[in-house]
Amino acid sequence: MATATVAHHDETAHEHHEHHDNFITKYIFTQDHKMIGKQFLITGMFWAIIGGFLSILFRLQLGFPEMDLSFLRPLLGGWIDEAGKLDPTFYLALVTMHGTIMVFFVLTAGLSGTFSNYLIPLQIGARDMASGFMNMLSYWFFFVSGVIMFISLFIKTGPAGGGWVVYPPLSALEQAIPGSGLGMTLWLIAMTFFIASSLLGGINYITTVINLRTKGMSFSRLPLTIWAFFLTAVIGLLSFPVLFAAALLLVFDRSFGTSFYLSDIYIGGEALPNTGGSPVLYQHLFWFLGHPEVYIVLLPALGITSEVIATNSRKPIFGYKAMIISMLGITILSFIVWAHHMFVSGMNPFLGSIFMFLTLIIAVPSAVKVFNYLTTLWRGNLIFTPAMLFSIGLVSFFISGGLTGIFLGNSAIDIQLHDTYFVVAHFHLVMGSASFFGLMAGVYHWFPKMFGRMMDARLGYVHFWLTFVGVYLVFFPMHYIGIAGFPRRYYNWTNFEFTNMYTDLNMFVSVAAIITFAAQFIFIFNFFYSMYRGRKATLNPWRSNTLEWTTPLKPGHGNWPGEIPTVYRWPYDYSKPGAAEDFIPQTVPLSATPESNLPHEQEMVKLEMEIMKEESDVLVANESKH
Amino acid sequence: MYGFLIGVGVLLLFSIIWMVYRIQTLVSVVKGSDKKIASGSNKVNAILFIVFLVGTGILMFWYSIKEFDNYQLPVASEHGVITDKLFWITMAVTGVVFLITHILLFVFPYKYQYKENRKATFYPDNNNLEIIWTIVPGVVLAGLVISGWMAWSDITAPAPEKAHVVEIMGYQFAWEVRYPGKDNVLGDYDYRLITASNSHGVDFTDKNSIDDFPSPKVVIPKGEPVLFKIRARDVLHSVFAPHMRLKMDAVPGMPTRFWFVPTKTTEEMRAELKDPEFEYEIACTEICGRGHFSMKKVIEVVEPEAYQKWLVEQKTFIQNNPALAEGLTPEMKELAEIQIRESKK
């Protein structure tokens, strides 16, 4: 009943909007989930360019330590010294901001924010999010967070420089590194806004998925994308507040003289009064978000991949239920593996044993997902749209990066590998690149729905191959460097005998990184060019089953002009034996396809008929009342 | 100069792509291939997957074999041999999975590329398969975890009582080393006692600290257990001795530890590597500020006899700086003075 009134209310709101939308309510303070999704996407792309560019700066330093960087002085000013060298403190700031921006602004907001917003109402058959206003707030909190973080890049003492994990005491003491002054304060404020944004968004996604599904859209008929977004939102809702707590205590330590994380510190020629705190406490709190965050970043990408691979293999996703169970397993386990980031942090080694067992359990559902993707490809009829290519690329990264996780999750092996480039290679593949490819797959796949036009496929292919090969050329060599023991976050390698090698390999990585970064501009061009000049899309260009393709080419606020369609089947009826076409949209009743129904579906036809009859009776009765 | 070159490169890349793009678009419009479900590019992409598989596969094997001696650091501790073995076992297991899954991932796209007259197989689930590939990875992982856990338990077990104690303290941006002296017990310390002449903050009112001595490098005996007592003075650091396969964070306010048995002296390692300059090193692996990349300390592993000889030769804090004994109780002062006199003999 509640659902019905909401839907009804939205319908009137929708008509109301059509007439009164001005530029501000349509493009800026919009409450339309589709526009908010696009806002997240464009902002995410902006941040991806910034984050990528920062990485190019420090890759120049690592690949070409002798290089004269004076040409960067117009941009970086005093951070390039007289001799044309990058300042080591600013190097750390670059690493820190690259991590923060990529993890939170690009792969959390840019990925989850874009596609949860855009797809949830369209794929479950809802007029909009449960609360359009909260949704709008969610974007604008994110925007404010971004503005603050952006400002911090330009202040005199530099942005935060303690690594993206901002471990205290380094992040708490200005004496320790200049970035821990104003830069860190801005970082904390920006993250507070970001957390608020994530929570507002997450509550909305969860509420919408639970309450606003259209008739017939049971949980067992939800596309895997929606399952992924739903579980991602649950993870975010449970873990982001813990980051907030960690940040809040850090604020207290920094500004109000408390000692949550500080103890026995002698710095800058004086002994600080703080005693009794524990830096390890911060690490526990941070990684209680930090590890689930990996899955916040990854699950939406896996959801998108499931959808894209099934559609373009013209096959149902293999093991739909197993996929959901794996995601549920990952969701739950993601909360109890955090301390595998801390095997050598000085915490009790017994705790290390426990977390090693829990960590390697989480590898099982991940493995199941990979095998299911492979089986979905098997005996399919594969169409390589750019989205499909990026999805296959994602699976490859997920395997490569996932397998190295088995080394790092094993505490005995982790002793040597911890905080070396092996870790850098691992998480850039499994979380960074895999999620980025999920984001790309999503953009290429849903671009026709977003803008009513097609992106150019050939540019997409070029973009894919350059990026796919590029990512491997950047991150695969890092495994060797990591096995050799090169530590992370090093400004250069010449101080140590054991790292005084591989200058050639580091140079190679840097060149590959620059090319890969440059290749992204092919995408940027394709994106904006196609938005205005791309080929007009058809209503269902990928011949897909899900509900969003039943909307008009450019759906208005409210998504469907008439009634919201009813759903009669799961979203993966591709290449069903007996059917004329190789896809049957979710809106086609089972009773309309007797030729392709499976035995158990044939039995449901009767039930379906009864329900449909009852409904039409109600409709007739209502009509006569009016 | 570089900037200019990069700029030109990017510009060139763009113009080439632009031209290719326009030509391709026009050609596909003429051919009408943009109306088809899968254009000719489908085949090209399918072939490229195979090319990628073969190309990167060859590159990976060639480089892994060629560079093996470079990236495989020689190991010089007892537990390091075990963790290295675990590493390579895991590498073998994951390597096989890596190859098989990638061959399937890239061969399937080639084999099952779109054909107009073929229909994909409707194959939505198979519970037996799901069970198999839940249980098999589970069992394999359990094997890996249990062997890892046994190694981990041994490595992190309490150090043997006879272990030689060395204290390593990290600060921005170096390490300082303190030995417990004859009693093999480190004296108390307090960060509030740190001064220019007492950088460790050693509490000399504690009897155990009278014979403590500093050292410019870590000297340890071969074949005997050594216990590193690790602490930090300002921010987090992490002691990383790559050849010892040793890593442990240095945490202000929370002393940590790591014990191990070195198996090769510096001289032996020099002979093995044919590098007369070789030194065991300690590096920092926890971001700690501007000088994070330069926190180096040398470890010298010597024969046990040489170690005992070296121990006797060292001068204690108090012998180096008698002023430290000022302000002690008469009883303690006497002990200190005996020491100072001994050193002058």
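# Questions on chain A and chain B

Reader: How far apart do the C-alpha centres of domain 1 of chain B and domain 2 of chain B lie?

Author: The two C-alpha centres lie 39 Å apart. This is a predicted model.

Reader: Which residues belong to each domain of chain B?

Author: Domain 1 of chain B takes in 42–113 + 143–157, and domain 2 of chain B takes in 164–344. These bounds come from an automatic or database domain assignment.

Reader: What makes residues of domain 1 of chain B count as in contact with residues of domain 2 of chain B?

Author: The test is whether their C-beta atoms, placed from the backbone, lie within 7 Å. By that test 10 residues of domain 1 of chain B are in contact with 15 residues of domain 2 of chain B. On the side of domain 1 of chain B that touches domain 2 of chain B there are four nonpolar, four polar and two charged residues.

Reader: What does the radius of gyration of chain B show when set against a compact globule?

Author: A compact globule of 345 residues would have a radius of gyration near 20 Å, whereas chain B has 31 Å. The value of chain B is not the one expected of such a globule. Along the principal axes, the C-alpha atoms of chain B fill a box of roughly 100 × 60 × 40 Å.

Reader: Why is chain A said to be as compact as a globular protein of that length?

Author: Chain A has 17 helices and two strands. Its radius of gyration is 26 Å, and the globule rule gives 25 Å for 626 residues; the two values are close, so chain A is as compact as a globular protein of that length. The C-alpha trace of chain A spans about 85 × 55 × 50 Å along its principal axes.

Reader: What makes a residue count as buried, and what share of chain A does so?

Author: A residue is buried if 20 or more other C-beta atoms lie within 10 Å of its own. Of the 626 residues of chain A, 61% pass that test. In chain B, buried residues make up 37% of the 345 residues.

Reader: Why is strand 8 of chain B called mostly covered?

Author: Four of the five residues of strand 8 of chain B are buried, and buried means that 20 or more other C-beta atoms lie within 10 Å. The strand therefore counts as mostly covered.

Reader: How do you know that strand 5 of chain B pairs with strand 8 of chain B?

Author: Two strands pair if DSSP finds at least two bridges between them. Strand 5 (residues 226–232) of chain B is joined to strand 8 of chain B by five bridges, so the condition is met. These two strands run antiparallel. Among the facing residues, Leu227(B) stands opposite Trp259(B), and Ile230(B) has Thr256(B) as its bridge partner.

Reader: What makes strand 3 and strand 8 of chain B the edge strands, and what is the order of the open sheet?

Author: The open sheet has five strands in the order 3-2-1-5-8 (chain B), with mixed pairing. Strand 3 (213–215) and strand 8 (256–260) of chain B each pair on one side only, and that makes them the edge strands. From one strand to the next the twist averages 30 degrees.

Reader: How do you know in which sense strand 4 and strand 9 of chain B pair with strand 10 of chain B?

Author: Strands of a sheet pair through backbone hydrogen bonds, either parallel or antiparallel. Strand 4 (residues 218–221) of chain B pairs with strand 10 of chain B over four bridges in the parallel sense, and Val219(B) stands opposite Glu300(B). Strand 9 (residues 280–284) of chain B pairs with strand 10 of chain B over three bridges in the antiparallel sense, and Glu281(B) stands opposite Val298(B).

Reader: Which residues of strand 10 of chain B are on its covered face, and which on its uncovered one?

Author: In strand 10 (residues 297–302) of chain B, the covered face has Lys297(B), Ile299(B) and Val301(B). Val298(B), Glu300(B) and Val302(B) form the uncovered face.

Reader: How many residues does the contact take from chain B and from chain A?

Author: The contact takes 95 residues from chain B and 104 residues from chain A. Helix 5 of chain B gives 15 residues, the largest share of the side of chain B that touches chain A. That side has 49 nonpolar, 28 polar and 18 charged residues.

Definitions and conventions:
Residues numbered from 1 in each chain as written. Chains lettered and ligands numbered in written order. Predicted model: local features only at pLDDT ≥ 70, side-chain atom pairs only at ≥ 80, totals over all residues. Buried ≥ 20, exposed ≤ 12 C-beta atoms within 10 Å, placed from the backbone. Axes fitted to C-alpha atoms, helices over the stretch in contact; angles between N-to-C directions. Contact = placed C-beta atoms within 7 Å. Nonpolar A, V, L, I, M, F, W, Y, C, P; charged D, E, K, R; others polar. Rg over C-alpha atoms; globule rule 2.2 N^0.38 Å.
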